[in-house]
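Work through the exercises below with the sequence and the model side by side, and try each task before reading its solution.

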Amino acid sequence: MDGSQLAVLDRWWPSSKTCSHCGWQDTSQTLADRVFHCATCGLSMDRDLNAARNIERHAVVADPVPPVAPGRGETQNARGVPFRLPAPRGRKQETAKREGTGPPGTVSPRRSNPPTFPNPRQEQANLF
């Protein structure tokens with residue numbers, strides 16, 4: 001992240017519905033329309049490329065936020081507000097198996113043997 005900058009733009013700004021050349025907006029364009037066609041200047045290009053050009057031109061570089069809040073070494077959340085991580089629990093929880101969770105004296109579930117089917121040839125041999 002050294003040397004990089006964060007640029008922000010309102011999430012609802014219609015970047016894919018606005019012409020990146022003249023600024024005309026096509027309010028009838030849907031997600032199914034993959035090519036942007038400008039009715040004013042005649043620009044025709046991939047919808048996502050048009051949106052990327054709009055974002056590049058209209059996004060504003062955000063103020064750099066220090067990774068650590070000044071003073072106590074606290075971290076910051078996405079809004080830049082310092083917060084402190086919760087303290088570990090005083091009493092540690094022990095690990096427990098889930099198998100023997102029934103009342104005492106019950107047998108834990110086990111895999112049964114696969115079902116056995118009689119051999120039809122063997123049954124026919126027993127008939128004669």
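The exercises that follow go from the whole chain to single residues and pairs.

This is a predicted model, in which local features need pLDDT of at least 70 and side-chain atom pairs count only at pLDDT 80 or more, while totals for chains, interfaces and linings use all residues. Residues are numbered from 1 along each chain as its sequence is written, and side-chain values use heavy atoms, with hydrogens and water left out.

**Exercise 1. The whole chain**

Describe the secondary structure of the protein and the order of its elements.

Step one is to list the elements: the protein has 2 helices and 6 strands, where helices (H or I, at least four residues) and strands (E, at least two) are DSSP runs numbered from the N terminus. Step two is to read their order from the N terminus, which is β-β-β-α-β-β-β-α.

Step three turns to the surface. Of the 128 residues, 14% count as buried; buried stands for under 20% relative accessible area, exposed for over 50%, and partly exposed for what lies in between, with a 1.4 Å probe and protein chains only. The protein exposes about 11900 Å², of which carbon and sulfur atoms supply 54%; the areas come from the Shrake-Rupley method with a 1.4 Å probe, and for residues only the protein chains shown count as cover.

Step four concerns contacts, meaning heavy atoms within 4.5 Å: among those between residues at least 6 apart in sequence, 32% join residues at least 24 apart.

**Exercise 2. Three residues of one loop**

Decide whether serine 16 is buried or exposed, and then do likewise for lysine 17 and threonine 18.

Begin with serine 16, which sits in the loop between strand 1 (7-8) and strand 2 (35-37). Serine 16 counts as buried because its relative accessibility is 15%. Its side chain makes a polar contact with the side chain of arginine 47 at 3.1 Å; such a contact is a pair of N or O atoms within 3.5 Å, where, within protein, one must be able to donate a hydrogen and the other to accept it, and residues adjacent in sequence count only if both atoms are side-chain atoms. Beyond its neighbours within four places in sequence, serine 16 is in contact with residues including Gln29, Phe36 and Asn50.

Lysine 17 belongs to the loop between strand 1 and strand 2, and its relative accessible area of 28% makes it partly exposed. Its C-alpha lies 8.6 Å from that of asparagine 50, although the two are 33 residues apart in sequence.

Threonine 18 is also in the loop between strand 1 and strand 2, and it counts as buried because its relative accessibility is 4%. A polar atom of its side chain lies 2.7 Å from the backbone oxygen of proline 14. With neighbours within four places set aside, the contacts of threonine 18 include Trp13, Trp24, Phe36 and Asn54.

**Exercise 3. Two side-chain pairs**

Find which side chains meet in a salt bridge, and which residues form an aromatic pair.

The structure holds 1 salt bridge, a term for a side-chain nitrogen of Lys or Arg within 4 Å of a carboxyl oxygen of Asp or Glu. Arginine 34 and aspartate 48 are the partners, at 2.9 Å from N to O. This pair links distant parts of the chain, 14 residues apart, with arginine 34 in the loop between strand 1 and strand 2 and aspartate 48 in helix 1 (residues 47-58). Arginine 34 is partly exposed at 39%, and aspartate 48 is partly exposed at 43%.

The structure also holds 1 aromatic pair, for which the rings of Phe, Tyr and Trp (its six-membered ring) must have centres within 6.5 Å, with planes under 30 degrees apart counted as stacked, over 60 as edge-to-face and the rest as tilted. Tryptophan 24 and phenylalanine 36 form this tilted pair, at 6.4 Å centre to centre and 55 degrees between the planes. Tryptophan 24 lies in the loop between strand 1 and strand 2 and phenylalanine 36 in strand 2, so the pair ties together parts 12 residues apart in sequence. Tryptophan 24 is partly exposed at 28%, whereas phenylalanine 36 is buried at 0%.

**Exercise 4. Cysteines without a bond**

Explain why the sulfur of cysteine 41 is not bonded to that of cysteine 38.

A disulfide is a covalent bond between the sulfur atoms of two cysteines. The cut-off used here is a pair of cysteine sulfur atoms within 2.5 Å, and the structure holds 0 disulfides. For cysteine 38, the nearest cysteine sulfur is that of cysteine 22, 3.6 Å away. The closest cysteine sulfur to that of cysteine 41 is in cysteine 38, and their separation of 3.6 Å is too far for a bond. Cysteine 38 is buried at 7% relative accessibility, while cysteine 41 is partly exposed at 36%.
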